[in-house]
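Student: Before I rely on the labels attached to a structure, I would like to hear the reasoning behind them. Could we go through some of them together?

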Amino acid sequence: MIRLNDIKLPLNHPDDALGKAVIARLGVPESDLLSYTVFKRSYDARKKHAIQLIYIVDVCLPAEQEGKLLSRGLSPSPNMEYAFVAQVSDFPKPDQQRPIVVGFGPCGILAALILAQMGLKPIVLDRGQDVRQRTQDTWGLWRKRKLNTESNVQYGEGGAGTFSDGKLYSQVKDKRFLGRKVMTEFVKAGAPEEILMVSKPHIGTFKLVKMVENIRAEIIRLGGEIRFDSKVVAFHREATADGNGQVSGVTLSSGETLHSKHIILAIGHSARDTFATLRDQGVYMEAKPFSIGFRIEHPEGRPSFWKNSPIVP
Ligand SMILES: Cc1cc2nc3c(=O)[nH]c(=O)nc-3n(C[C@H](O)[C@H](O)[C@H](O)COP(=O)(O)OP(=O)(O)OC[C@H]3O[C@@H](n4cnc5c(N)ncnc54)[C@H](O)[C@@H]3O)c2cc1C
């Protein structure tokens, strides 16, 4: 495949214009264009009346033609395929080593999905409820002022941002394309396909909920197990020869203990009680560097109080 950068077209260009622009740029006959995919689409809005779309496109041509163009200095498309760090065959007794993922927010969802794709049948534990029940519990607080301390806007399937509109950081410049793996899985699970190419991708709340359910179904199909209403209240460690110790399991609020040497903590920012437990159990923790955000909302257009302002926006 060949990568073509900086193909500019007007905002409302016809559907076939991009293909034609690719052919014109490459100077090849139309029959040689086997397929093309848009890697990125962004806007140039510096000229208000001539807004342009700017494309980066990966183009597939017959091997001989591709070879010729590459030898003339065109760039090949990078390999964007995700490489798993291990496979189930790397583990001597995989069923005895099932990894545990604590938390089913974005971090836990992706960790569990990738472990499941590696064939390692993860066990996922989340203190909250599945996303449908959680939606009802969250509305219970917003509408009826009834708080469920374990199933709410912070806790439960989908994690903290589930009831937001799902703005994403595309990480389109990431040279390892790890973000692309995430976006690809989101699209497979029902997110709009354009999140793969637009610079400010956005899923939308209703699609987000369905997408989370579809990823859960995929993890289960691959042999994973997902348990809601399963709050981890203690972590276990066993001694090792080097004296460092090794995690060996977790206990749930029900009293059940699960054993594993592979535990991913994906508990987000909000589980203060769990952080206190970790601290009490002597786990080393570090505060995040300070971060702050703010949001400004204003009506479109020029507010009246600017009329006499010396600062013209
Ligand atoms: C209102 C709101 C809107 C947001 N909107 C956006 C947005 O549009 N785009 C964006 O990129 N980011 C958004 N964010 C930020 C985003 O939600 C977080 O960055 C993200 O959720 C962090 O993911 P996580 O998996 O690390 O943790 P979380 O999403 O917090 O998930 C942690 C999970 O762990 C579970 N858990 C915690 N303790 C335990 C325990 N002891 N045992 C078992 N389970 C446990 C919780 O139930 C929870 O499901 C928003 C956040 C909020 C609060």
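Tutor: What follows is a set of questions about labels given to this predicted model, each answered by setting a value against its cut-off.

Student: Why are helix α3 and helix α5 called roughly perpendicular to each other?

Tutor: The axes of α3 (residues 106-117) and α5 (residues 178-188) come within 12 Å and cross at roughly 85°; since angles of 65 to 115 degrees count as roughly perpendicular, the two helices are therefore given that label. Where they meet, L110, L113, I114 and Q117 belong to α3, while K181, V182, E185 and F186 belong to α5.

Student: What makes the pairing of E185 and K181 a salt bridge?

Tutor: The N to O distance between their side chains is 2.6 Å, and the cut-off is 4 Å between a side-chain nitrogen of Lys or Arg and a carboxyl oxygen of Asp or Glu, so the pair qualifies. Both residues lie in α5, four residues apart, which is about one turn of the helix, and both are buried.

Student: How do you know that R3 and D58 form a salt bridge, and what are the burial labels of the two residues?

Tutor: Their N to O distance is 2.8 Å, which satisfies the limit of 4 Å. The pair links distant parts of the chain, with R3 in strand β1 (residues 2-10) and D58 in strand β3 (residues 52-60), 55 residues apart. Buried means under 20% relative accessible area, so R3 at 12% is buried, and D58 at 1% is buried as well.

Student: Which labels do D44 and R46 receive, buried or exposed?

Tutor: These residues also form a salt bridge, with the closest N and O atoms 2.8 Å apart. D44 has a relative accessible area of 13% and is therefore buried, whereas R46, at 73%, passes the limit of over 50% and so counts as exposed.

Student: Why is W139 called partly exposed?

Tutor: Its relative accessibility is 37%, which falls between the limits of 20% and 50%, so the intermediate label applies. W139 lies in helix α4 (residues 131-144), and together with L141, W142, L147 and V153 it makes a nonpolar surface patch of about 470 Å².

Student: What makes the phi of R145 worth remarking on?

Tutor: Most residues other than glycine have a negative phi. R145 is not a glycine, yet its phi is positive, at about 60°. R145 lies in the loop between α4 and α5, and because its relative accessibility is 76%, it counts as exposed.

Conventions
Residues numbered from 1 in each chain as written. Predicted model: local features only at pLDDT ≥ 70, side-chain atom pairs only at ≥ 80, totals over all residues. Heavy atoms only, no water. Patch = residues over 30% accessible without salt bridge, like charges linked within 9 Å, V, L, I, M, F, W, Y side chains within 5 Å. Areas by Shrake-Rupley, 256 points an atom, 1.4 Å probe, with all protein chains shown as cover. Buried < 20%, exposed > 50% of the residue type's maximum accessible area, 1.4 Å probe, protein only. Axes fitted to C-alpha atoms, helices over the stretch in contact; angles between N-to-C directions. Parallel < 35°, antiparallel > 145°, perpendicular 65-115°, else oblique. Contact = heavy atoms within 4.5 Å.
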